[in-house]
Amino acid sequence: MSIITFVGAGQMASALTFPATENGHEVRLVGTHLDRDIINSAELTGFHPTLKRQLPKEGIKYYQLEDVELALDGTNAVLCGVSSFGVDWFCEKILPLIPDSVPVLSVTKGMVDQEDGAMITYPDYFISKLPAGKKLSINAIGGPCTSYELADKDHSAVAFCGEDMEILRRFKKLFSTDYYHISLSTDVVGVECAVALKNAYALGVSLAIGLALGPDSTGKEHYNSQAALFGQSVKEMKQLLTIVGGGEENIIYGAGDLYVTIFGGRTRKIGTLLGQGLSFEKAIAELEGVTLESIVIATRTARCVRRLAERGGVKLKDFPLLMHVDDIITNGASVAIPWAAFETEKY
């Protein structure tokens, strides 16, 4: 039996308590300062109020943030369960507390854009924030998997990525079950980029849902338009993978994650509202309190592409859907899918 300390009690981290405890491991679920009600509820009744599921009855111990050092005492692995909005907090407050011998696995999806137009993965960002002299193995999860369906034990196929294959195999042994299927890759940039981009493009595809439903939601959802935007998304994602130096085979994780995100969740909601004609400000207000990582990755990726374009590294015309999504978010543009820009002639 191993001890795994989960820092962050959000939906995905909490869903991962199911395979971990089923494999006989002890999970120490630590809430951040934003998770107090979740920890209180789970400790009292076992019910997770945002995942809306009963957590495993056995194998979990609950901790508030003040007891994080107690939860880390004797642990064999750490799971980072914060969203992209909590990354800097995790770097500053938690990473210094983790012993160098304890590997970290992160559920956070996204990338960070640099001033020179480059984008780095969260594992690289974590490493860059480590205190001088400290060394940690930082690994990450990518792929098409929603927290709700993982908790319901639907078959899910993901990738664990990191620099050390032996450590990845250890993590796979901790979490692999007959319904949670794990591939391993040392192409951290490829996996992380692919699954990060899906958030931005899922928003783009979801615009078609809102356009079909109409302002009063009396219309009917169409799939031709969604499929066309899905195809354009995969095309642009594949080009971005090449730009950052990731293997193109990782597009399977991005495309799969894009598919599952379009069918439900927060990104679908914001895209649908925008497609129905709400301004970006009104759509955000409609979803008050909802964490929207799609907004973060869309604007970061667009900034990266624009900087590269300024240096002649890419052409903006090759990313018409991404540029339109960014125009909606950043400049308040109305939804007007640039269909003609998707057309090609190939000899």
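## Exercises on a predicted model

In α12, the buried residues (under 20% relative accessible area with a 1.4 Å probe, protein chains only) are Thr 267, Arg 268, Ile 270, Gly 271, Thr 272, Leu 273, Leu 274 and Gly 275. The model is predicted, so local features need pLDDT of at least 70 and side-chain atom pairs count only at pLDDT 80 or more, while totals for chains, interfaces and linings use all residues. Residues are numbered from 1 along each chain as its sequence is written, and side-chain values use heavy atoms, with hydrogens and water left out.

**Exercise 1.** Determine how far α12 is enclosed and which helices its buried residues pack against.

*Solution.* Step 1: helices (H or I, at least four residues) and strands (E, at least two) are DSSP runs, numbered from the N terminus. Step 2: eight of the 10 residues of α12 are buried, so this helix is largely enclosed by the rest of the structure. Step 3: its buried residues pack, by contact (heavy atoms within 4.5 Å), against α9, α11, α13, α14 and α15. Step 4: just after α12, Gly 277 takes a positive phi of about 110 degrees.

**Exercise 2.** Describe the largest nonpolar core and state which helix gives the most to it.

*Solution.* Step 1: a nonpolar core is a set of buried Ala, Val, Leu, Ile, Met, Phe, Trp, Tyr and Cys residues joined through side-chain atoms within 4.5 Å. Step 2: the largest one has 47 residues, and those with the most contacts inside it are Tyr 201, Leu 203, Leu 258, Leu 274 and Leu 322. Step 3: at least two residues each come from α9 (188–213), α10 (224–244), α11 (251–262), α12 (266–275), α13 (280–286), α14 (293–310) and α15 (320–331). Step 4: α9 gives the most, with 12 residues. Step 5: another core, of 35 residues, lies apart from this one and includes Leu 29, Ile 38, Ala 77 and Leu 79.

**Exercise 3.** List the residues that Leu 322 and Val 335 touch, not counting residues up to four places away in sequence.

*Solution.* Step 1: Leu 322 touches Tyr 201, Glu 236, Leu 240, Ala 298, Thr 301, Ala 302 and Val 305. Step 2: Val 335 is found in the segment after α15. Step 3: the residues that Val 335 touches are Leu 207, Leu 211, Leu 274, Gly 275, His 324 and Ile 328. Step 4: Val 335 and Arg 311 are 24 residues apart along the chain, and their C-alpha atoms are separated by 29 Å.

**Exercise 4.** Locate Lys 52 and Ser 217, and classify each as buried, partly exposed or exposed.

*Solution.* Step 1: most residues other than glycine have a negative phi. Step 2: Lys 52, in the loop between β3 (47–48) and β4 (53–54), has a positive phi of about 60 degrees although it is not a glycine. Step 3: exposed means over 50% relative accessible area, and partly exposed lies between that and the buried cut-off; Lys 52, at 55%, is exposed. Step 4: Ser 217, in the loop between α9 and α10, has a positive phi near 60 degrees and, at 45% relative accessibility, counts as partly exposed.

**Exercise 5.** Summarise the overall architecture of the protein.

*Solution.* Step 1: the protein has 15 helices and 12 strands. Step 2: along its principal axes, the C-alpha trace spans about 60 × 45 × 35 Å. Step 3: buried residues make up 56% of the 347 residues. Step 4: among contacts between residues at least 6 apart in sequence, 72% join residues at least 24 apart.
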